[in-house]
Amino acid sequence: MNFKKTILIFIGILISLFNHSNAQQIENQKAKSFANKPFKWYLNGDQNHWIGLHTYVQLSGRVNQNNPGSLVNDELEETTADISIRRFRIGIKSQVSDHLFIYTQFGTNNLNYLSSRGPAIKLLDAYAEYNFSEKLSIGGGKSLWNGLSRFSAPSTSKLMIIDVPFIALPTVNTTDDLLRNLSIFTKGKLYKFDYRFLVSKPFPIPTNSTIPTNPKEGIAEFARSPSNMQYAGYIKYAFLESESNKYASYSGTYLGAKKILSLGLGFKFQSDALCSLNQGQERFHNMNLLSADIFLDLPINKKKGTVLTSYLGVFEYDFGPNYLRSIGANNSTNGLDSENASLNGKGNAFPVLGTGTSLLYQLGYLFPKMGKNNSTGQLQPYGRIQYSDFDRLSDPMTALDLGINWFLNGHFSKLTLNTQNRPVFYNHGNRIKENGRKWMFVLQYQFRI
């Protein structure tokens, strides 16, 4: 498909959605009142024991300049345009007693035209948590409770950027399952400190067919042998208002509902998690990951609803020698011609994770409420840049996202247009260097209850 032609079609869809917005003003006003009435049933007269439901869906349309050599059903495709469900979730949460909280969630990711046509809904979360006090809670099961950084446990329905920052998800779908671990965790608040620590049993690497399982000379990969326990933690200091730790995930922006400035430190560790070959002999390596981050979500003018949101994260990762992983979320291709391929891999993949140092910066500004009686929502332009100095690459890896959110009704109903520019890397003798860049354009609608 001609790239310019697909972009024009994509822009036309966006314009038609914008022109249709006036017809939706009444519906948006109704949605605002609905947003304050969650699906919750009380189990006692004091209304402190309850059971509730939640759900959300993210529907995406996309145009992507594919990496060199990308195939769709064995045919070379330079550009793909598709429609997909990026995420679907439905969950049950219940405060069954004064101290016991139970959380269960089902869902799926990345339903696109190449997906298998079988059942896709899976159990994502299933855990119980006992609360002794605000200072201490202990829980266990399969959950999103995680350490390392703020966005290592992201609220995917309350992001500012269109998608999660994968640099903050170093073990996604390697030792975890869609960020979830089978773990025991503890959490709590002490003064202005908010902490979480956990110990988990990683999922076996051979159960994931997309992860390399054969050790390589001088290049670390996750080990095939039975895994050791994994340890993670994150401590955050709140300079202004405190954030709730009722649930595992952190919001990307509160849209003016809170005044947040926080500083966090985190880690993730697993002994002998990876291995490589040294003159043909297996050598095991610890996974030792550290991070520090600062998050600002500051209302500028409460009457107008303007908000400044900023995030800076520093990630120091040691996976062993020359570890490097490319990620192409919701990939729209399913094959690769090795003769024409780059180091990136197929579709929209590029090197996101690796041994080395990375910086992640996000910035967004929420403009004043629009329309009569604020019925047309708010616009929020944003940007994100990841700069990584990976040991295996001769050039730094720099990826950029620019986009705009149209909050029709906060996070309950929003439309996002995002453009991403990513590097393409090739082997040049003994060096791996950037040689060209590719674009991806995504239009995504989210509805949340």
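In this predicted model, the second largest cavity is lined by Gln-58, Thr-156, Leu-159, Met-160, Ile-161, Ile-162, Asn-405, Lys-414, Thr-416, Gln-444 and Gln-446. Strand 22 and strand 23 are the elements that contribute two or more residues to that lining. The volume of this second largest cavity is about 50 Å³, and its lining consists of 4 nonpolar, 6 polar and 1 charged residues. The points below cover the cavities, the salt bridges, the aromatic residues and two backbone sites.

**Cavities**

- Across the whole structure, the search yields 4 cavities of 30 Å³ or more.
- The largest cavity encloses about 410 Å³ of space.
- Its lining comprises 27 residues, and those nearest the centre of the largest cavity are Asp-163, Phe-166, Arg-384, Gln-420 and Met-440.
- By residue class, the lining of the largest cavity holds 14 nonpolar, 8 polar and 5 charged residues.
- At least two lining residues of the largest cavity come from each of strand 2 (50-65), strand 18 (350-354), strand 20 (378-390), strand 21 (397-407), strand 22 (413-428) and strand 23 (431-448).
- Strand 22 and strand 23 thus appear in the description of the largest cavity and also in that of the second largest cavity, to whose lining they give two or more residues.
- As a general point, empty space left between atoms is revealed by rolling a probe the size of a water molecule over them.

**Salt bridges**

- The whole structure contains 14 salt bridges.
- One of them joins Arg-87 and Asp-163, with the closest N and O atoms 2.7 Å apart.
- This pair connects distant parts of the chain, 76 residues apart: Arg-87 belongs to strand 5 (residues 79-95), and Asp-163 to the loop between strand 8 (136-143) and strand 9 (181-190).
- Arg-87 counts as buried because its relative accessibility is 3%, and Asp-163 counts as buried because its relative accessibility is 14%.
- Asp-163 also figures among the residues nearest the centre of the largest cavity.
- A second salt bridge brings together the side chains of Glu-282 and Arg-224, at 3.4 Å from N to O.
- Here too the link is between distant parts of the chain, 58 residues apart, with Glu-282 in strand 14 (residues 281-301) and Arg-224 in the loop between strand 11 (221-222) and strand 12 (230-238).
- Glu-282 is partly exposed at 41% relative accessibility, and Arg-224 is partly exposed with a relative accessible area of 42%.
- Lys-433 and Asp-395 form another salt bridge through their side chains, at 3.1 Å from N to O.
- Distant parts of the chain are again linked, 38 residues apart: Lys-433 lies in strand 23, and Asp-395 in the loop between strand 20 and strand 21.
- Within this pair, Lys-433 is partly exposed with a relative accessible area of 25%, whereas Asp-395 is buried at 18%.
- Arg-86, Arg-87 and Asp-163 make up one network, joined by salt bridges that share partners.

**Aromatic residues and charges over rings**

- The structure contains 22 aromatic pairs.
- One aromatic cluster is formed by Trp-50, Phe-101, Tyr-103, Tyr-127, Trp-145, Phe-185 and Tyr-247.
- Trp-50, a member of that cluster, has Lys-40 over its face at 4.2 Å from the ring centre.
- At another ring, that of Phe-295, the charged end of Arg-150 sits over the ring, 3.7 Å from its centre.

**Backbone sites with positive phi**

- In general, most residues other than glycine have a negative phi.
- Tyr-191, a residue other than glycine, has a positive phi near 55°.
- Tyr-191 occurs in the loop between strand 9 and strand 10 (193-201), and it is exposed, with a relative accessible area of 72%.
- Leu-255, likewise a residue other than glycine, has a positive phi near 55°.
- The position of Leu-255 is the loop between strand 12 and strand 13 (260-278), and at 21% relative accessibility Leu-255 counts as partly exposed.

Key
Residues numbered from 1 in each chain as written. Predicted model: local features only at pLDDT ≥ 70, side-chain atom pairs only at ≥ 80, totals over all residues. Heavy atoms only, no water. Phe/Tyr/Trp six-rings, centres within 6.5 Å; stacked < 30°, edge-to-face > 60°. Lys NZ or Arg CZ within 6 Å of the ring centre and 35° of its normal. 1 Å grid on protein atoms, 1.4 Å probe; cavity = no way out; pocket = protein on both sides within 12 Å on 5 of 7 lines; lining within 4 Å. Points joined across faces, edges and corners; volume = space filled by probe spheres on them. Helix = DSSP H or I, 4+ residues; strand = E, 2+ residues; numbered from the N terminus. Nonpolar A, V, L, I, M, F, W, Y, C, P; charged D, E, K, R; others polar. Salt bridge = Lys/Arg side-chain N within 4 Å of Asp/Glu carboxyl O. Buried < 20%, exposed > 50% of the residue type's maximum accessible area, 1.4 Å probe, protein only.
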